[in-house]
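Hi everyone, thanks for coming. I'd like to walk you through one structure today, so have a look at the screen.

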Amino acid sequence: MPSGRWFLAAVPLALVVGHVWPERHTLVFFTSVVAILPLAAAIGRATEALAGRLGGGIGGLLNATFGNAAELIIGALALREGHVDLVKASLTGSIIGNVLLVFGAAALVGGLKHPVQRFNRTAAGLGTTMLLLSAIGLVVPAVFHRLAHGMTTSELRLDTEIAVVLLVTYGLSLVFTLRTHRSLYGVSPHQEANATEAVDVRRWVLILIAATVAVAFVSELLVRAVAATSQALGMTELFVGVVVVALVGNAAEHLSAVTMAADNQMDAAIAIAVGSSTQIALFVAPVLLLLSYVIAPAPMDLHFSTFELVAIGISVLAVSFIAHDGETHWMEGVQLLAIYVILALGFFFLPGT
Amino acid sequence: MPSGRWFLAAVPLALVVGHVWPERHTLVFFTSVVAILPLAAAIGRATEALAGRLGGGIGGLLNATFGNAAELIIGALALREGHVDLVKASLTGSIIGNVLLVFGAAALVGGLKHPVQRFNRTAAGLGTTMLLLSAIGLVVPAVFHRLAHGMTTSELRLDTEIAVVLLVTYGLSLVFTLRTHRSLYGVSPHQEANATEAVDVRRWVLILIAATVAVAFVSELLVRAVAATSQALGMTELFVGVVVVALVGNAAEHLSAVTMAADNQMDAAIAIAVGSSTQIALFVAPVLLLLSYVIAPAPMDLHFSTFELVAIGISVLAVSFIAHDGETHWMEGVQLLAIYVILALGFFFLPGT
Amino acid sequence: MPSGRWFLAAVPLALVVGHVWPERHTLVFFTSVVAILPLAAAIGRATEALAGRLGGGIGGLLNATFGNAAELIIGALALREGHVDLVKASLTGSIIGNVLLVFGAAALVGGLKHPVQRFNRTAAGLGTTMLLLSAIGLVVPAVFHRLAHGMTTSELRLDTEIAVVLLVTYGLSLVFTLRTHRSLYGVSPHQEANATEAVDVRRWVLILIAATVAVAFVSELLVRAVAATSQALGMTELFVGVVVVALVGNAAEHLSAVTMAADNQMDAAIAIAVGSSTQIALFVAPVLLLLSYVIAPAPMDLHFSTFELVAIGISVLAVSFIAHDGETHWMEGVQLLAIYVILALGFFFLPGT
């Protein structure tokens, strides 16, 4: 996608607009969105190139990490400004967006080219179980919150301890995927072919770093403009967080998962989509919670709203229904996208608080 | 089942009773029920004969369509009379009845004859995912309703837009089953043998049409008598809708699914049971919702009661637990039937509103 | 584990402490706990020896029965003293403890020795479906309770009728596992080798009986001391019931499941963990409910608290996600244990009623 490079012109444009007309919120918001997309694409291309050297599953992991670098940056900046609900909404949106929208689009696009797409059931099964664990890590604090009114100290301790459990589990899952069961996520013959090409590792690493730094600057503008923009467009902050911000934050995963699915590399596509969602819940969310003690006006809690919990639960069930048989068809892509649209409609019509 | 033909005498009987003694509600109700059963059997036989020519999966689809023709007719007539809760209860009852009672009975009867019954996991997996999508399409409006008190306009728009999403997905699933992935639902060797027999297509099509028209007339009597009958028997309208009306409306599926399972054609049995449930949720429910704008005193909503949602969710999980390994045993039939009995007991004891 | 025998000295110690210083509740509680552990180990050894003669699945069943004998005894004694909430909490704790803690520890320990552990998917699938049925049997009364305020007579009838449905299903499942589909739970080559050793059946049966009787005596002390102990330790009775009592009551299953997993007999490990949970819900809970009419001050209901229901639902989903592919790895053990820790934290912080 070399044409994508032209869009990089949007990055300086966004920075200029954001500093010259900071009060034109909607304009700042949309130029930031437009600027993040090619940066995400650059991150995507860099990780894809590096992934080619490192093999499918690890490449997927690398992808997920850098897609989530954007999430982490946007989240930390929003927390610093006190937008706790926006952060939680964009975490929800990333989780459901990755498994429904990203994986759905990948299964649909891939399925239109290939009648049946097969993948490693064991790796996919471990991924969906991690996703279930993630959902549980988010549901338990929310249920607790509803049952234990006014016990703020207990709640904060529970949330923090659960965050630690999630981080430890995440660390152990890295040991599993990168050390003891590396072969499950191994290099496929197809990718080995790519790996023989000489890849200019240093160049891609530099691009990765530069694009990540640029994302941080642009994200700051986006976060500052989000409240005023959502008001101007008549959308709730919840909808903007769940759908718009999450969409932008996950553009990199989106692009690479669909590209890989079209290339019939469903293992990598699933590793990106599911891995990205679990990383949001097991890594980004706990890190933001712990960071919030330092950078935010008040510590962040993990009490997602009812509709967010329903959406997360539905997404986990849906992807496990689709992935358990180790095959996808285009219709399964349609099913995931239909579920995403139904949930997005719900978030759109839900009144703000 | 040629003996079933004698019961057709119940059809003129029901029409006579319904017009001569319209005030004897319980009598009208039960003669209508008795009249619908042989009509459903006739529909079942006709579709089975036609299915023999068209192959198992398509036959199952045909079956589901005509079983649901009865549902659609009863639903439209009940909506016209303003029985919105009865319609929703019978939709719930059809969904849980098909996957728990119909599929449970099929797995039990088939399992008593054959120690293990195998079926295509891919087709079954797609079916259960469609069922999950159906459940989501019904759960989201209900959750929304509980969260957005008094926003009737938003709710009606959300419900209508979700209905459109469900209908579009249903349409695409027909493209999948009938065109791009027809072979997944293809003719099995066993059925091919049947297909070589000369089938009098014209005769069976006529029977199908006549029985469907007769169902419409008898259903009208049934719908008119239902409120007074449930009162007379000390049952709530919810219980009558979920258990009695749904049982009658799905008698055709019931009979053919059990017959096919006994014949070790589990693919067809699942296609009927699961396909019928999804068709209720993705086709009958949205069509009734859209029709309600025209024929009903007030537009129908999609807010199912809590116990109905729990029952639907449980049914989807249960059938996916049973179907995912591509095998059934008689004990799995017992499990599904036990779940049905537990839910039916709950609906029985639940107080009316 | 011959060293375990020394701990049997704790049994007379507990009985002496319990009768000489009955008012030293915390001391009585902990000596009882320490006394039950070697008794459970003796039960475990006896059943393992007898299981060697009878084959893996049946051995698992035997194991589950005698592990649950302890549960049944503790439960009946607690009911007689009117501790209904404690009984329900320990039922919940046994269900989630067996599938999360016992099976999680088994998968982790086994997985550290063997990179992949395989087991019969059909048997595991039937087990998880029984577990789903169990969960439904507990969820429906609780949902009903929330919807039908003040209809105590209906509720009690519903609970009792559901208990009968669960017992009948349990009976039929015994017919399935012990008669019609015995081969699914059959003797593996590995175990056949053990079976050729001469096993002194009479000796082990005597040990089984003696240990079970001793458990009954010690349990009585434990039950009497539990309320005062939980108060002294600043824990709620809910937490003590769900975590501490359930842990003690399931020590036998714990030990044998882990031993078998380390020995790469995952079929037996799953049969113990999942079978034990379902037996709690389908056999122990209904029997205690029916017994409560005779022995308890008031009949026991089946209305579990919201957090208990969430915990049970999560456990069923988690084990089915893990078991459906017929393989476990150590990471799946970690996932189950992490879920257990998250739920236990929730129970710990939840305020008492």
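Let me start with a question: how many salt bridges does the rule find across the interface of chain A and chain B? Zero. Keep in mind as we go that this is a predicted model.

So what is in that interface? Chain A puts 29 residues into the contact, and chain B puts in 35 residues. Now, the size of an interface is often given as the accessible area lost when the parts come together. Here, chain A and chain B bury about 2,900 Å² between them, and 81% of that is on carbon and sulfur atoms. If you want to find the spot on the chain A side, look for A:Phe321, A:Ile342 and A:Phe349. Those three lose the most area to chain B, together 26% of what that side buries.

Okay, over to chain C. In this contact, chain A brings 35 residues and chain C brings 29 residues. About 2,900 Å² gets buried between chain A and chain C, with 81% of it on carbon and sulfur atoms. On the chain A side, the residues losing the most area to chain C are A:Thr129, A:Leu132 and A:Ile136, which together make up 17% of what that side buries. And the salt bridge count between chain A and chain C? Zero.

Next, how do the copies relate? Rotate chain A by 120°, with 0.0 Å of shift along the axis, and it superposes on chain B with an RMSD of 0.0 Å. That is the relation of a three-fold axis. In chain A, the C-alpha nearest that axis belongs to A:His324, 4.7 Å away from it. The copies use different surfaces, too: 10% of the contact residues of chain A recur in chain B.

Let's zoom in on chain A itself. It has 13 helices and two strands. Of its 353 residues, 61% are buried. Take the contacts in chain A with a separation of 6 or more: 84% of them are between residues 24 or more positions apart. As for the outside, chain A exposes about 12,800 Å², and carbon and sulfur atoms supply 67% of that.

One last stop, on the surface. Which residues make a nonpolar patch of about 410 Å²? They are A:Val201, A:Val205, A:Ile209, A:Val213 and A:Phe217. A:Val205 sits in helix α8 of chain A, which covers residues 201–233. With a relative accessible area of 34%, A:Val205 counts as partly exposed.

That's my tour, thanks for listening!

Technical notes. Residues numbered from 1 in each chain as written. Chains lettered and ligands numbered in written order. Predicted model: local features only at pLDDT ≥ 70, side-chain atom pairs only at ≥ 80, totals over all residues. Heavy atoms only, no water. Patch = residues over 30% accessible without salt bridge, like charges linked within 9 Å, V, L, I, M, F, W, Y side chains within 5 Å. Areas by Shrake-Rupley, 256 points an atom, 1.4 Å probe, with all protein chains shown as cover. Salt bridge = Lys/Arg side-chain N within 4 Å of Asp/Glu carboxyl O. Helix = DSSP H or I, 4+ residues; strand = E, 2+ residues; numbered from the N terminus. Buried < 20%, exposed > 50% of the residue type's maximum accessible area, 1.4 Å probe, protein only. Least-squares fit on C-alpha atoms with pLDDT ≥ 70 in both. Contact = heavy atoms within 4.5 Å. Buried area = accessible area lost by both parts, 1.4 Å probe.
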